[in-house]
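The following report examines a protein model and describes how parts of its chain are arranged. Please keep the sequence and the structure in view while reading.

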Amino acid sequence: MPRQIVELARLVNAKLEVNLFYRTREREELIARVLRENGAEEVLGVGDDASCVIPELFSERRRVSCRGIYIADVVLVPLEDGDRTEALRRMGKTVIAIDLNPLSRTSRAANITIVDNVIRAVPTW
């Protein structure tokens, strides 16, 4: 799956960013390492790079890269996260969500919703 995520980002000229609800430096670095091992040249959102804040969010998901999610026009939300999807929309971003539940808050709040399992959906691109 990491290789497909890296390839998708390359195909659409997107940046990759670590964004976790339960954030620790160790988890951030582990995810970034796996992405780099699978071809990513740059991974944002690790350590001090996650210094910008999404307004109105109170979990660690509020911390994002100032060079990534914070300034992006379009954000892919590959797992259900209704609060973050709604907050990103309030920031004027276009949100693409992948969610199994077409009636979830994430699915309803996203601009574009792909109703599928992320493991199945990403490799089809």
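Apart from its neighbours within four places in sequence, valine 77 is in contact (heavy atoms within 4.5 Å) with Arg84, Thr85, Leu88, Val95, Ile96, Ala97, Ile98 and Thr106. The model is a predicted one, in which local features need pLDDT of at least 70, side-chain atom pairs count only at pLDDT 80 or more, and totals for chains, interfaces and linings use all residues. Residues are numbered from 1 along each chain as its sequence is written, and side-chain values use heavy atoms, with hydrogens and water left out.

Valine 77 also belongs to the largest nonpolar core, which has twelve residues: Cys52, Ile54, Leu57, Val64, Ile69, Val75, Val77, Ala87, Leu88, Val95, Ala97 and Ala110. Strand 5, helix 3 and strand 6 are the elements that give two or more residues to this core. A second, separate core has ten residues, among them Ala32, Leu35, Ala40 and Val46. A nonpolar core is here a set of buried Ala, Val, Leu, Ile, Met, Phe, Trp, Tyr and Cys residues joined through side-chain atoms within 4.5 Å. Buried means under 20% relative accessible area, exposed means over 50%, and partly exposed lies in between (1.4 Å probe, protein chains only). In soluble globular proteins, nonpolar side chains tend to be buried together.

Helices (H or I, at least four residues) and strands (E, at least two) are DSSP runs, numbered from the N terminus. In which direction do the side chains of strand 5 point? They alternate: Val75 and Val77 point to one face and are buried, whereas Val74 and Leu76 point to the other face and are not buried. In a regular strand, the side chains alternate between the two faces of the sheet.

Strands 5, 6 and 7 form an open sheet of three strands in the order 5-6-7, with parallel pairing. Strand 5 and strand 7 are the edge strands, each of which pairs on one side only. Neighbouring strands of this sheet are turned by 10° against each other on average, direction ignored. Such angles run from 0 to 180 degrees between N-to-C directions, and the axes are lines fitted to C-alpha atoms, for helices over the stretch in contact. Two strands pair if DSSP finds at least two bridges between them. Strand 5 and strand 6 pair in the parallel sense over four bridges, and strand 6 and strand 7 (residues 112-115) likewise pair in the parallel sense over four bridges. The table lists residues that stand opposite each other or are bridge partners.

| Residue | Partner |
|---|---|
| Valine 75 | Valine 95 in strand 6 |
| Valine 77 | Alanine 97 in strand 6 |
| Isoleucine 96 | Isoleucine 112 in strand 7 |
| Aspartate 99 | Valine 115 in strand 7 |

Helix 3 comprises residues 82-90, of which Gly82, Arg84, Thr85, Ala87 and Leu88 are buried. These buried residues pack against strand 5 (74-77), strand 6 (94-99) and helix 4 (105-109). Together, strand 5, helix 3 and strand 6 make a right-handed β-α-β unit. A crossover is right-handed if, with the strands pointing away from the viewer, the path from the first strand over the helix to the second runs clockwise. Helix 3 is followed by glycine 92, whose phi is positive, near 90°.

Positive phi values also occur at residues that are not glycine. Asparagine 13 has a positive phi of about 55° and lies in the loop between helix 1 and strand 1 (16-17). Asparagine 13 is exposed, with a relative accessible area of 72%. Glutamate 56 has a positive phi of about 75°, and its place is in the loop between strand 3 (52-53) and strand 4 (63-64). At 52% relative accessibility, glutamate 56 counts as exposed.

Leucine 8 has its place in helix 1 (residues 2-11) and is buried, with a relative accessible area of 14%. Its C-alpha atom is separated by 8.3 Å from that of proline 123, although the two residues are 115 residues apart along the chain.

How many aromatic pairs does a search of the whole structure find? The search finds one. The rings of phenylalanine 21 and tyrosine 22 have their centres 4.8 Å apart and their planes at 75°, so this pair is edge-to-face. Rings of Phe, Tyr and Trp (its six-membered ring) pair if their centres lie within 6.5 Å; planes under 30 degrees apart count as stacked, over 60 as edge-to-face and the rest as tilted. Phenylalanine 21 is partly exposed, with a relative accessible area of 41%, whereas tyrosine 22 is exposed at 62%.
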